[in-house]
Amino acid sequence: MLPPIPALSDYGISPTHGFLPDSLPLTRLPDPYYNKWEAVVANLQALILSRRLRGVIDRLPILSTIGLEHDAEWRRAYSLLSFMAHAYIWGGDSPSDRLPPPISIPFLQISEKLQVPPVATYAALCLWNYKPLFMDEDIDNLENLATLNTFTGSLDESWFYLVSVAIEARGAPIIPLMLTAITAARQNDSATVTRCLRAFAERLTDLTAILQRMHESCDPTVFYHRIRPFLAGSKNMGEAGLPRGVVYEDGSGNENYRQYSGGSNAQSSLIQFFDIVLGVEHRPTGEKQEPGSESDRGRRPSRHNFIQEMRRYMPGGHARFLADVTQVANLREYVEDHTGDSQLCIAYDACLAMLSAFRDKHIAIVTRYIITPSREVRARSRSRSPEVARQRMNLAVASQKKENQGSRSQKGTGGTALIPFLKQARDETGEPAVEEWTRRFMKRQVRTEGRGDFFLGKPHDGAPVDTEDVEVKGLAGSWTMEDDVGGICLY
Ligand code: HEM
């Protein structure tokens, strides 16, 4: 007996908004009992700037979660506490390795209820943190979106989150569409499978177009130095000042340090859903495809890698949905069984090509927003005194500090190179292609790193291009900058 096709409602997934909630995120908690949380987050930037945030949070009462009724209220509370927690940890001259009971106690309870870790995840920052400007317009349009909360109050930060919201909203119809395709493949209905795949490929191009708009209103320098430091987690954060992680004080005197990855779009269930329905498999970083395994029928179950690990940071229902869709995903096999059906094969390959193109654009973005600024920091730190470099301790200065220590042997805990990881994920996207020419096309070398492109300038413009072993903090992960490092992800 084949497992049943998952029903979206069993996993808290909306047929129209996908992984975004069915009802819009609340703009504030209705019960005035929670006004103090709302007030802190409404004044977050001023409290951070005046260095008063920690004092204010330390003096907050420990609020009970008993007044939270509907799911939307729990989600709003989770988002508020995520912003407070990260602002508390990273919003001072040096990071705090403790979260006081007014945050940690309700945060732990709410996380347990929503089955998502007590850290600023993609759900807290993007999925549950937006509102439409006009209620009668769609939320898949960046011109109709606003954020509810930010750390910095900058347009750049809002834009960074909203690009993801628009991608989730525009991509949402693909979820029921592809479940229809899976059902049609079970019924050997090639016409429907082909139609669904074509619609999927077209919508993927829309998503890439939205991703490209990141450049419009999110400045890489602002992102790297002002926004990204607040998104950092507590895992592999020794260089940034949290060698053991963070203690979530619960009043019991328990001194257990916890370590979590920070918020990252790698925690988006949508992109992982695409991989699963198309049969794209991701190997541990550095591991090559085994020769002859291209059309291997009895494919091995997914092995552990960073992308898999990120499922632990998705809301519980969403992660369970991905696991259950994996059990029913049949399109790759279906296409492999119908290689004589050229319309079907072209439609399937088009989806892979479009998803690969999405990843190409994403690599260019990561280069512009993380790799290039990291190099600039490193170049600058060479000409600066250690005192200046030490003025503030956070994620943005972590690689600079490492440089000042001057020891190549002091590897950070991130042992995997960022760009090779992303390139591998891109290349794996093309592997299932059925048509020989599509496979060749996707294996071509794309100049995605922006060498000589409009946004990034020429290779030698400004930033040095050497790839010395410098640790680069991604968003959720911690990586090296070398181009040729592979191996097991450490994050
Ligand atoms: C300024 C914008 C962005 C930057 C700087 C950025 C950076 C990164 C980094 C550093 C990683 C590696 C994992 C980590 O350390 O967290 C990553 C992975 C990933 N990002 Fe982004 N990202 C951006 C925007 C987006 C957007 C808008 C999406 C789409 C929703 C996205 C989707 C992904 C996915 C799916 C991965 C996992 C790798 C893969 O599946 O190819 N990113 N990103």
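## Around the ligand and beyond

Of the 27 residues around the ligand, the ones that come nearest are Ser264, Asn265, Gly474, Leu475 and Gly477. The elements that each supply two or more residues to this shell are α7, α16 and α19 (418-430). Helix α16 gives the most, with six residues. Sorted by class, the shell holds 19 nonpolar residues, seven polar ones and one charged one. Keep in mind as you look around that this is a predicted model.

Let's zoom out for a moment. The chain has 491 residues, and 49% of them count as buried. It is built with 20 helices and eight strands. If you take the contacts with a separation of 6 or more, 78% of them join residues 24 or more positions apart.

Now for the inside. The largest nonpolar core has 138 residues, and those touching the most other members are Met84, Ala87, Val165, Leu331, Tyr348 and Cys351. Its largest share, 18 residues, comes from α16. Take Ala87 as a sample: leaving aside neighbours within four places in sequence, Ala87 is in contact with Leu44, Ile48, Leu53, Phe151 and Phe230.

Back to α16, which runs over residues 342-382 and includes His362. An unreviewed UniProt entry places a "binding site" feature at His362. Is His362 buried or exposed? His362 is buried, because 20 other C-beta atoms lie within 10 Å, and 20 or more is what a residue needs to count as buried. Not counting residues up to four places away in sequence, His362 touches Leu211 and Leu422.

Another helix worth a visit is α8. Here is how its length works out:

| Helix α8 | Value |
|---|---|
| Residues 174-186 | 13 residues |
| Expected span at 1.5 Å a residue | 18 Å |
| Distance between end C-alpha atoms | 18 Å |

So the expected span and the distance between the ends of α8 agree. Which residues of α8 are buried? They are Ile174, Ile175, Met178, Leu179, Ala181, Ala184 and Ala185. Some of that spacing is easier to read with a general point in mind: an α-helix has 3.6 residues a turn, so residues three or four places apart point the same way. The buried residues of α8 pack against four helices, namely α7 (155-171), α9 (190-212), α12 (269-278) and α15 (331-337). Just after α8, Asn188 takes a positive phi of about 55°.

Note on methods. Residues numbered from 1 in each chain as written. Predicted model: local features only at pLDDT ≥ 70, side-chain atom pairs only at ≥ 80, totals over all residues. Expected span 1.5 Å × (residues − 1). Buried ≥ 20, exposed ≤ 12 C-beta atoms within 10 Å, placed from the backbone. Contact = placed C-beta atoms within 7 Å. UniProt positions renumbered as here; feature names shortened; annotations may be inferred. Near = placed C-beta within 6 Å. Nonpolar A, V, L, I, M, F, W, Y, C, P; charged D, E, K, R; others polar. Core = buried A, V, L, I, M, F, W, Y, C linked by C-beta atoms within 7 Å.
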